[in-house]
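Trainee: I'd like to understand how the descriptive words for a structure are earned. Could we go through a few together?

Mentor: Gladly, let's take them one at a time.

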Amino acid sequence: MHTITAYTSHTEVPAAVAELQDQLKLVSQPKCVLYFASASYPSEKIAAAMEEAFSGATVFGCSTAGEIVSGKMLKHSIVAMALDQSIIGDIVIQAVSPIEEQIDVSSVFSVFEKHYHISMRDADPTQYVGIILFDGLSFAEERWMDKIGNATDVVFIGGSAGDDLKFSRTYVYAHGRAYTNTVLLALLKPNCKFDIIKTQSFQTLPQQLIATKVEEAHRAVIEFNNKPAITAYAEALGKSIDTVAESFMSNPLGLMVGGEPYVRSPQRISDGKMIFYCTIKEGMDLQVLQSSDMIRDTREAILEKKNEFGELQALINFHCILRTLDLESHGLTEEYGHIFDHIPTIGFSTYGEEYIGHMNQTATMLAFAA
Amino acid sequence: MEKGTIKQMIDRIILLRSCGNSAIAVTVKTKIILKGINPDKYTSQTDDDPQIIRKLQDLADEFGIRL
């Protein structure tokens with residue numbers, strides 16, 4: 001078999017890793033083993049044990065706020081996927097820490113360039129794809145994605161690591177180690193066709209908000225439409241300031257690109273400012289959004305790619321924790337899991353999703369064709 | 001007041017950065033929007049705004065292209 005997914009809920013690391021090893025053994029020579037582990041597992045132990053268990057493969061992953069595997073959404077588990085050379089022709093990973101203010105993408109890319117004998121500036125985005133995993137508490141995602149986008153046309157897709165909503169410490173895993181304050185970049189040269197699925201479930205409302213005063217570093221908007229941010233947001237929704245925070249989940253804002261929103265989700269109110277889960281730049285026009293049917297929209301997005309590819313051989317799903325919370329609140333996690341019943345899938349509930357930029361309330365997925 | 005320079009600059013950035021590849025051009029446009037400039041807001045009749053022009057010059061530098 002070319003790819004297999006596995007999961008375990010054993011609480012002890014040796015038993016959990018042994019179970020994953022057993023489930024993944026039908027991929028005789030995995031080129032890559034990707035895994036996402038609940039923050040309930042001891043980070044250093046899980047990283048070391050996974051590296052040892054799959055020593056012939058490139059092994060990497062991160063901590064989560066919930067896990068996804070074909071047909072299921074899980075908690076307090078580990079999910080893993082083994083992919084052989086027929087899918088992943090080559091892969092090289094780098095863990096970059098600390099995540100500095102001064103981001104030196106060229107030195108990171110020079111490692112990829114030496115390995116593949118290419119220039120990242122000219123690399124063909126139909127031949128290469130990147131996976132990027134962030135320490136989910138780093139606040140560094142936008143700056144890194146911007147610098148990466150300046151330097152290459154290769155798409156990097158991924159997510160920000162979670163810690164079961166404790167917001168205390170998140171990890172990326174590589175080289176048998178657990179890293180904090182780190183970004184992990186993998187550059188893959190797949191041996192099959194691949195593409196990105198980006199799906200979010202919102203309708204666009206006619207109301208627009210222009211960010212007229214912001215604090216980018218704190219992901220804060222001080223003013224929309226030259227009014228205190230929360231006042232303008234409440235007015236746009238026709239609600240009172242006292243209760244408008246209840247609408248944050250169902251009415252985030254969208255930076256519109258070709259009619260599709262790059263979602264910016266409000267997190268909280270602080271002294272009249274609105275704090276978001278990702279940066280809004282001064283002057284940005286944002287559309288007020290209204291949540292719609294996530295199950296239907298996700299199913300359609302997957303079906304569309306399936307129809308295009310014939311069959312999906314593997315799917316990696318970076319799924320916003322806010323979507324997971326929304327599904328949980330409506331009792332829909334089982335139904336969401338079933339969307340991936342017959343597709344080899346792993347994923348996790350993220351603290352932010354990456355695709356060209358950083359976004360919220362979205363699922364970004366890397367799909368490999370059969 | 002002069003008009004249309006902003007649109008010209010944006011079109012040139014997208015053309016040069018994508019080398020005429022239409023798929024890459026879509027991605028470049030997305031990157032420009034994420035950087036805070038919406039190309040669809042500017043036409044050949046838009047008044048030149050020195051602040052936006054400066055921003056676009058910086059953006060071209062970031063992309064490693066000369067306008």
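Trainee: What makes α3(A) oblique to α4(A)?

Mentor: Remember that this is a predicted model. In it, helix α3 (residues 105-116) of chain A packs against helix α4 (residues 141-151) of chain A at an angle of about 60°, with their axes 10 Å apart. Roughly parallel would need an angle under 35 degrees, and roughly perpendicular starts at 65. About 60° fits neither, so α3(A) is oblique to α4(A). The crossing is right-handed.

Trainee: Which residues of α3(A) and α4(A) meet?

Mentor: From α3(A) come A:Val105, A:Val108 and A:Phe109, and they meet A:Trp144, A:Lys147, A:Ile148 and A:Ala151 of α4(A). By class, that contact has six nonpolar residues, no polar and one charged. Lys counts as charged, so A:Lys147 is the charged one.

Trainee: Why is A:Asp153 called buried?

Mentor: Its relative accessible area is 10%. Buried means under 20%, so A:Asp153 qualifies. You'll find A:Asp153 in the loop between α4 and β9 of chain A.

Trainee: What is A:Asp153 in contact with, leaving aside its neighbours within four places in sequence?

Mentor: In chain A, A:Asp153 touches A:Met120, A:Arg121 and A:Pro125, and in chain B it touches B:Arg17, B:Ile24 and B:Lys31. A:Arg121 is 32 residues away from A:Asp153 along the chain, yet their C-alpha atoms are separated by 6.8 Å.

Trainee: Why is β9(A) described as largely enclosed by the rest of the structure?

Mentor: Five of its five residues are buried, so the description follows. Strand β8 (residues 129-134) of chain A runs parallel to β9(A), and five bridges join the two. One of the bridge pairs is A:Leu133 with A:Gly159 in β9(A).

Trainee: Where do β8(A) and β9(A) sit in the sheet?

Mentor: The order is β7-β12-β8-β9-β24-β25 in chain A, six strands in an open sheet with mixed pairing.

Trainee: Why do β7 and β25 of chain A each have one side without a neighbour in the sheet?

Mentor: β7 (88-96) and β25 (357-359) stand at the edges, each with a single partner strand, so one side of each is left without a neighbour. From one strand to the next, the twist averages 20°. Helix α3(A) packs on this sheet, touching β7, β9 and β12 of chain A.

Trainee: How do you know that β24(A) and β25(A) pair?

Mentor: Pairing takes at least two bridges, and three join these antiparallel strands, so they pair. Among the partners are A:Glu354 and A:His358.

Notes: Residues are numbered from 1 along each chain as its sequence is written. Chains are lettered from A and ligands numbered from 1 in the order in which they are written. This is a predicted model: local features need pLDDT of at least 70, side-chain atom pairs count only at pLDDT 80 or more; totals for chains, interfaces and linings use all residues. Side-chain values use heavy atoms; hydrogens and water are left out. Helices (H or I, at least four residues) and strands (E, at least two) are DSSP runs, numbered from the N terminus. Axes are lines fitted to C-alpha atoms, for helices over the stretch in contact, and angles run from 0 to 180 degrees between N-to-C directions. Contact means heavy atoms within 4.5 Å. Angles under 35 degrees count as roughly parallel, over 145 as roughly antiparallel, 65 to 115 as roughly perpendicular and the rest as oblique. A crossing is left-handed if the near helix is turned anticlockwise from the far one by less than a right angle, and right-handed if clockwise. Buried means under 20% relative accessible area, exposed over 50%, partly exposed in between (1.4 Å probe, protein chains only).
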